[in-house]
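Subject: Model for your files

Dear colleague,

Please find the model below, as agreed. My notes come after it.

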2 protein chains.
Amino acid sequence: MGKFTLRYKPYTLELRHVFTVASFSRTTTPVVLTELEYEGIIGYGEASMPPYLGESQQSVMSFLSQVDLSSFSSPFETAEILHYIDQINAKNTAAKASVDIALHDLLGKIMGQPLYKIWGLNPDNIPATSFTIGIDTEDMIRQKVQEAGQFKILKVKLGLQTDKMIINTIRSVTDVPLCADVNQGWKNKEEALEMAHWLKEKNVTFLEQPMPKEMIDENAWLTERSPIPTIADEGCQRLIDIPALKGVYTGINIKLMKCTGLREAKQMAELAKALEMKVMLGCMTETSCAISAAAQLGPLVDWADLDGALLIGNDLYKGMTVENGQCILPESPGIGLTKE
Amino acid sequence: MGKFTLRYKPYTLELRHVFTVASFSRTTTPVVLTELEYEGIIGYGEASMPPYLGESQQSVMSFLSQVDLSSFSSPFETAEILHYIDQINAKNTAAKASVDIALHDLLGKIMGQPLYKIWGLNPDNIPATSFTIGIDTEDMIRQKVQEAGQFKILKVKLGLQTDKMIINTIRSVTDVPLCADVNQGWKNKEEALEMAHWLKEKNVTFLEQPMPKEMIDENAWLTERSPIPTIADEGCQRLIDIPALKGVYTGINIKLMKCTGLREAKQMAELAKALEMKVMLGCMTETSCAISAAAQLGPLVDWADLDGALLIGNDLYKGMTVENGQCILPESPGIGLTKE
């Protein structure tokens, strides 16, 4: 009967570019890195805390200091361990994900297999990842788009007065498909529908969180009429949210930091598919640790947005890589990390 | 790069008692036993064909003869292999399950772990199994109930004119909780509701498939008013059926032979839970092969009805056992079988 040791430390990700979305700008993202050790095997995890999620390094470390795994005798008691973690409190989803990811990495290493193999998924089926172009000046947008030449799909952040300028600027440089993330930035359903039609003409593939999550009827109205799919991001946190979103959005964006980690994320992808909804797999700015964890689920989803580690300058791991816009999963066990 | 070999042979299960439900009686159940070999490791599977499912040994073997796994290079391509199997035709769910079970047994053996551990489930959380008392004479019912002294819950087959006699006869011998399986036998919702109230007083825990599956509005009417949960059996075959059953029944009965096997069964259990529905895990008369496969999912469900191998006299394997009504999972890899 083994013993678990959970270690954690704060780390600050430095963004390559100032990152601007509809509600704020920033140059760093705080994270907490975790290690879960059991009988000499170490699993790696990570919590990423973009400020709008309401978590901080302090809140995550405070949460992790409360975690006591001494009553569990094996990492294979996964469902019960993660249920225990989840019921510590009602929030701290990123902190919970940092334990879930480390536990799954540990389990994969014990079984000697990458998680995607344990789940029976073919890594060749991961969609090409999108690459995010933040809100910026015309010159900077053109420069960012040119730097992103390898990507088969770009993600643009909309929701300010500059929406059409941004799209037109990108279209002056490239014809690749786009996805548009409005981050709740639009407040009027008729204008949102008009933009959806305009974006469709500009070869935009889907529309993420067009209006505030509280505007449920308006989002449903838009989804019914929109010529491109709508995807819930802020409007979909966890498994329990999904059934009520059928009809409100075409699909959901699953992120480990919102949903407490891989176990629930996998169930969310399978639930959404069962409800005939589309599934997008997203991320925060994260090291290759959390990104490589999320990528294990990539073969289950319709769209992948796994550029988080590409947006930072001080990654600590090598894991999932991107070649010609395609996500390449490591073949090593668990989430497949090596330290840089 | 390995090669798959799929072998199969017919086998006839001999029932310990003549088995009577609302629509028929029988003394044997035809099955087909499968073996899936890959690089010297063999996974075991089984298709069980009670006649009302519309499959036969011939139809299963005809299906299996069409299976060509030569384009797959690894059992870890599970999702794609099972998608290929499923699209061979729209029926033959038991035949498909016989491949799914063998593939999962093989995968567990390759990873050196029982499936419940790979899925992170604690085997101590399997509910006690119910044991089925078929429709019979009063004397035979009393004898069967006495033979079933170890079980914590008994399942009775109702749906004929003898319903109250059966319950009263059992209640003259034992006070253990019962579950009532009507097999679509009732045709009138008011009478069904009256029976539900009467059964509640007799300590019946839930009501399985009270009316024909086509009587959707009537089943929903009953579910809304019934003092005990209603469970869809004939009314729920596969994952895709579940969303529409929310509100029509309180829960669903998942059986590997209906739903093509373990992969879909696990998704069904998780979907039903996400929709806040109850989950029952059932079986056909089967050897310990298919029963031990289903039992791997036991920790996910509310009620287990895994008595299929106990009802036959010529089991070929040792796997899940029942002690004092509790399901005991083997600790060996895959589904954990040894040949008798």
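The notes cover the contact between the chains and then two helices of chain B.

This is a predicted model, in which local features need pLDDT of at least 70 and side-chain atom pairs count only at pLDDT 80 or more, while totals for chains, interfaces and linings use all residues. Residues are numbered from 1 along each chain as its sequence is written, and chains are lettered from A and ligands numbered from 1 in the order in which they are written.

Chain A and chain B each put 21 residues into their contact (C-beta atoms, placed from the backbone, within 7 Å). On the chain B side, H2 (78-86), H4 (115-118), H9 (242-245) and H11 (262-274) each supply at least two residues; helices are DSSP runs of H or I, at least four residues, numbered from the N terminus. H11(B) gives the largest share, 4 residues.

H3(B), residues 93-111, has 19 residues and spans 27 Å from first to last C-alpha, close to the 27 Å expected (1.5 Å times one less than its number of residues). Of its 19 residues, 19 are buried, that is, with 20 or more other C-beta atoms within 10 Å of their own, C-beta atoms being placed from the backbone. Just after H3(B), B:Gly112 has a positive phi of about 75°.

The axes of H2(B) and H3(B) come within 10 Å and cross at roughly 165° (lines fitted to C-alpha atoms over the stretch in contact, with angles from 0 to 180 degrees between N-to-C directions). The two helices are therefore roughly antiparallel (over 145 degrees). Residues making this contact include B:Ile81 and B:Ile85 of H2(B) and B:Val99 and B:Leu103 of H3(B).

Regards

Terms used. Two residues are in contact if their C-beta atoms, placed from the backbone, lie within 7 Å. A residue is buried if 20 or more other C-beta atoms lie within 10 Å of its own, exposed if 12 or fewer, and partly exposed in between; C-beta atoms are placed from the backbone. Angles under 35 degrees count as roughly parallel, over 145 as roughly antiparallel, 65 to 115 as roughly perpendicular and the rest as oblique.
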